[in-house]
Structure formats: C-alpha cells, structure tokens
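Trainee: Could you take me slowly through one part of this model, the place where the protein meets one of the DNA strands?

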2 protein chains.
Amino acid sequence: MEDIPETGTDPLFDSLRKRGHRITAQRETILQIFKEQESGHHLSAEELHAKLLERGGNVSLATAYRTLKLLSSLGLLRELDFAEGHKHYELKQDTLPHQHIICTGCNTTLEFEDHFLEEAGQKIGARYNFEVIDAQFKIFGLCPNCKTGKSSKGR
Amino acid sequence: MEDIPETGTDPLFDSLRKRGHRITAQRETILQIFKEQESGHHLSAEELHAKLLERGGNVSLATAYRTLKLLSSLGLLRELDFAEGHKHYELKQDTLPHQHIICTGCNTTLEFEDHFLEEAGQKIGARYNFEVIDAQFKIFGLCPNCKTGKSSKGR
DNA sequence: TTTCGTGCAAACCATTTGCAGCAGC
DNA sequence: GCTGCTGCAAATGGTTTGCACGAAA
C-alpha cells in the first residue's frame, strides 16, 4: 500500500541533486519521516529528532536543524510559525493547500483547506510584484474547550 | 495636532486598571511610543527598548518584554511573527485591519488592507467554534528587488 | 502599608556555528 | 581525493525569571 520510490527516481532527491547537494543517509531518513506523516501533520525540529532517534540512527539535532533549513530553502518543506517559540515543518509536495487555526490556550492546531485563500495570496502578491513563495493564513483564537475553561488560566 | 489624552480618560489605561494592573511611568511611555507609530508600523522588543532609551528614561529590556506580553494578553497589542527570529507588535486599537507581505530576501514588510480576509477569518473560526482573537494572513515571497538580484545570495 | 512592577543579572531554550573526521560522488 | 556533510560541544540571540528594592494605590 505504501511503496517507497527508488532512490534514483524520487523527485525530492532529484531536487537535492539538481542543486548540487548530496544524498546522505540522514537526509534520506528525514525525508522518509516527513513522507510518513499524515497530510497536514507538521513536525518541529525536536520532534523530528526524536523520531530520528527512534529509528536507531544517531542523527544529531544540529543535522536535523541544518536539514530542515536546507529543505525549506529548496522549497521542499513549508516552514510554519505558530508563535509558540519554535517552528514546524511539513512536506510541501502533494500536500493540499491548507491553512491553520491555532488555539492560544492549548496550542492545538487545526487544518482547513481553502483554495480561495491560496488564490488570494497569489493575487495580492502579484499586485505588489512579489514572487510568492507561500501564503499562510493563521487564525489565532480559543478552541471550544479553552473558550469555556477560561477561568482556569490564572495568568 | 497631536493631543495626548489625559491619563484618566485613556481607554488603554482603563483597560489596564480594569484588570487590576497599575499605571506606571514605564507603561505610559511604552503606550505613548506605540501611539506615535504610524498606522501599520510594528516594533520589536529591541526596537521598543531603543526608543525607550532615546527618551532618557532607563527602562530595562526585561520590562519591555514584560509589558509587551502583558499588553498582548490584554488584547491591546497585536503580536506579529514574521519568522525572522523575533516578534513584532503593533497597537490593535484604531488600526485598520491589515495583513502583511514579507520579503524573505530582505525582510521588508508591506501592509495591505483586506476586509475580506478579516471576514474570512471570522467565518472560518466560527465554523470550528473558535473564539477568534486575531486572523493573520502572511504572504512570504521575494520583493521586486530580491526577485531580480537573486544571484547575489551565495548561501 | 501592601502588593505589584521594575532593574539587574543569571537562566532558558531554540537555533546556529566552528572544527575535525567521515562519507558521497 | 576533493568537498560537502555530520556530530559534538560551545556559542548565540531572543526571551524569561528570581530576587530585592522602589513605587502605585
């Protein structure tokens, strides 16, 4: 059900090669982990590192960070910032365009699709003569739970 | 042309008092600085601190951070995260709803109004039963300048 | 007077970087 | 073999916090 593409044909690897980057075991594993995530699921550097350690390989946190940065700069990953102190990343390829609602109470995030927002981003970018890389719509608010239990937040 | 409201009547001060916070000289100055910013202009903690020092008072960076956090939590400031490693803040009051385009090349930000996006945020939030605090639409891309001069970014 | 707010410096935490050794090509 | 990649540990940079003092109410 889950056929893993040959190293030679994977478009992600091709993107790396094309720009003169090497295919290392670490990078393969990291890409593999991202591919295994459910669509719309994003990982922080720490989370990625934890998953790397689970697999037994000893990939350092530094490499995780370096790879996330590299893949983002190549446009293979989408960098998400939910204003909670660290970034999250998700595969850009074949992900349906989606946006996020973030609960500032419990940091839960919800994804929702909205192709209209995609278009809007492109259109507005064009209006200002920008080359649009990514349009991110974030709705910050309180989820149903946190909305109710508000009182418990002493601070 | 620029009449500064009396301490007693300022709605910002009232918001503080109402929740049991004290009006200190530091907070007054900080609010004053934000009021003096052009609409749509945002400040980082460091920038705010620099402006505080310019005024001669010796407000510490720690207080700047504490105050920014407090004012944001009270909903008086809008917290903006442009994924450049530090946050920016702007007065929420009387600011026309606006969104941002960020150049990932030179970090320039451009504001644009779009009431449609405001509505969209509210509507989508409502769909998920969220209490919407702020909807932020960010378009990351390359500005006309950086689009052209791309080659100069060796790394 | 009581309690909150502040300055200072140390602590934190996410992320980056210098360096020497190892691996891709 | 050359050069880029990695692990390690130290450095960085933004932000937070403990503490004792000073100031708002």
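Mentor: Before we begin, a polar contact here is a pair of N or O atoms within 3.5 Å. By that cut-off, a backbone N or O atom of Ile23(B) reaches a phosphate oxygen of DNA strand D, at 3.4 Å, and a polar backbone atom of Gly85(B) lies 3.5 Å from a sugar or linking oxygen of DNA strand D. The model is a predicted one, and the distances are computed from it. A base is touched as well, since a polar side-chain atom of Arg66(A) is 2.7 Å from a base nitrogen of DNA strand D.

Arg66(A) also belongs to a wider setting: 22 residues surround DNA strand D, and those that come nearest are Arg22(A), Asn58(A), Thr63(A), Arg66(A) and Tyr65(B). On the DNA side, sugar and phosphate make up 65% of the atoms of DNA strand D that come within 4 Å of the protein. By class, the protein surface near the strand consists of eight charged, eight polar and six nonpolar residues.

Turning to the helices, α2 (25-36) and α4 (61-73) of chain A, and α3 (45-54) and α4 (61-73) of chain B, each contribute at least two residues to the surface near DNA strand D, and α4(B) gives the most, with four residues.

As for how the two chains are related, chain B superposes on chain A by a rotation of 180 degrees with 0.0 Å of shift along its axis, at an RMSD of 0.1 Å, which means that the relation is that of a two-fold axis. The same surface serves both copies, as 100% of the contact residues of chain B recur in chain A.

Technical notes: Residues numbered from 1 in each chain as written. Chains lettered and ligands numbered in written order. Predicted model: local features only at pLDDT ≥ 70, side-chain atom pairs only at ≥ 80, totals over all residues. Heavy atoms only, no water. Near = heavy atom within 4 Å. Polar contact = N/O pair within 3.5 Å; in protein donor to acceptor, adjacent residues only side chain to side chain. Nonpolar A, V, L, I, M, F, W, Y, C, P; charged D, E, K, R; others polar. Least-squares fit on C-alpha atoms with pLDDT ≥ 70 in both. Contact = heavy atoms within 4.5 Å.
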